[in-house]
Amino acid sequence: MPFSRPLRLAIALTVLCAALVRADEPTTTTPPSTAAAPEAAAAGPATQETVVNGTPPRLLGRWLVVSWIQSGAGRFTSLQGFWQITEENGKPVMKLVFTSLPEALKSKVSAATAQDQQWTPSAEDMALLRERWDQLPIDDSSYSTVWNEISGRDGFDEGLKTEERTKDALFVVRQRLDLKPGTSPVLRQIFVFAVTGSEGDVFTGNFDGVMVAAAPMPMPIPLKGTFRLYHIEGPPVTAAPRGILARFLDIFRGCRR
């Protein structure tokens, strides 16, 4: 989930580096080499690419993803991301929206963080975000390329199948964001959202990530926590259409009854 400004990235780095750099467990954060993201562009708006593996659910519309990073002593750092998913030729097209929460909601996040609590949007918060979405300021000037991957269970690669925090997921979203040189102390962000369940109309799951900082030499800073994915606007989420082979096998399953 991108930060809206390089300054916020620098602040997050300072906090997370002190709290999380000692983490010693590997996380499933690296996109597969067969689907590597393009190299960073020098100028211009961020280019975004979507890769779909298997048959994930139909996730059209606008989404708010709220992640909580455990930073020791029971404290949490709350991060927010904004997704827009459309459909072209029957395939989902996912784009990150480079914006931030309305000021009224930012103050709630700050208050929750000050009390070492996890901020979760209320129904009123969601209504405000739905109302203000089209007026939120957009700024992708710090980013060059964004790679989004949505994988259904039938499209998991070996890493997703074996990693403890992803192997039981219903579907997984992986993202790689490359920043333009000189715009931030961060060179790259990689995020993994493994959806393991739902609470009503909200998806829940494990969040893992890496922020690569431009120290004297590139330094990875691991992130680990949980997340919730809120559907702000769009048609109801439905399962992906079953393939012809799956429907054919269903016929034979029925014959056994």
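## Salt bridges across the fold

A search of the whole structure, which is a predicted model, turns up 12 salt bridges. Let's use a few of them as signposts. One joins the side chains of Arg-62 and Glu-233, with N and O 3.4 Å apart. Its two ends come from distant parts of the chain: Arg-62 sits in strand β2 (residues 61-70) and Glu-233 in strand β9 (residues 218-233), 171 residues apart.

How exposed are these two residues? Arg-62 has a relative accessibility of 14%, so it counts as buried, the cut-off being under 20%. Glu-233, at 36%, counts as partly exposed.

## The surroundings of Arg-62

Arg-62 deserves a second look. Which residues share a network of salt bridges with Arg-62? They are Asp-134 and Glu-233. The side chains of Arg-62 and Asp-134 also make a polar contact, at 2.8 Å.

If we set aside neighbours within four places in sequence, the residues in contact with Arg-62 include Trp-83, Gln-84 and Trp-133. Tyr-230, His-231 and Ile-232 are also among them, as are its network partners Asp-134 and Glu-233.

## Strand β5 and its partners

Now find strand β5, which covers residues 143-152. Is this strand buried or exposed? Of its 10 residues, 10 are buried, so the strand is largely enclosed by the rest of the structure.

Strand β5 pairs with two strands that you can trace in the model. With strand β1 (residues 47-53) it pairs in the parallel sense, over seven bridges. Here Glu-49 has Trp-147 of β5 as its bridge partner. With strand β6 (residues 171-179), β5 runs antiparallel, and nine bridges join the two. On this side, Thr-145 has Asp-178 of β6 as its bridge partner. As a general point to keep in mind while looking at strands, side chains in a regular strand alternate between the two faces of the sheet.

## Two more salt bridges

Strands β5 and β6 are also linked through their side chains. Glu-149 and Arg-174 meet in a salt bridge, with a distance of 2.6 Å from N to O. Glu-149 belongs to β5 and Arg-174 to β6, so this pair ties together parts that lie 25 residues apart in sequence. Both Glu-149 and Arg-174 are buried.

Another salt bridge joins Asp-208 and Arg-165, whose closest N and O atoms are 2.8 Å apart. Asp-208 lies in strand β8 (residues 202-214), while Arg-165 lies in the loop between α4 (158-162) and β6, so the pair connects parts 43 residues apart in sequence. With a relative accessible area of 3%, Asp-208 is buried. Arg-165 counts as buried too, at 19%.

## The whole chain

Finally, let's step back. How many helices and strands does the protein chain have? There are five helices and nine strands. Reading along the sequence gives the pattern α-β-β-β-β-α-α-β-α-β-β-β-β-α.

The protein chain has 257 residues, and 46% of them count as buried. Its exposed area is about 13100 Å², with carbon and sulfur atoms supplying 55% of it. Among contacts between residues at least 6 apart in sequence, 65% join residues at least 24 apart. The salt bridge between Arg-62 and Glu-233, 171 residues apart, is one link between distant parts of the chain.

Terms used
Residues are numbered from 1 along each chain as its sequence is written. This is a predicted model: local features need pLDDT of at least 70, side-chain atom pairs count only at pLDDT 80 or more; totals for chains, interfaces and linings use all residues. Side-chain values use heavy atoms; hydrogens and water are left out. Buried means under 20% relative accessible area, exposed over 50%, partly exposed in between (1.4 Å probe, protein chains only). Helices (H or I, at least four residues) and strands (E, at least two) are DSSP runs, numbered from the N terminus. Two strands pair if DSSP finds at least two bridges between them. Contact means heavy atoms within 4.5 Å. Accessible areas come from the Shrake-Rupley method with a 1.4 Å probe; for residues, only the protein chains shown count as cover. A salt bridge is a side-chain nitrogen of Lys or Arg within 4 Å of a carboxyl oxygen of Asp or Glu. A polar contact is a pair of N or O atoms within 3.5 Å; within protein, one must be able to donate a hydrogen and the other to accept it, and residues adjacent in sequence count only if both atoms are side-chain atoms.
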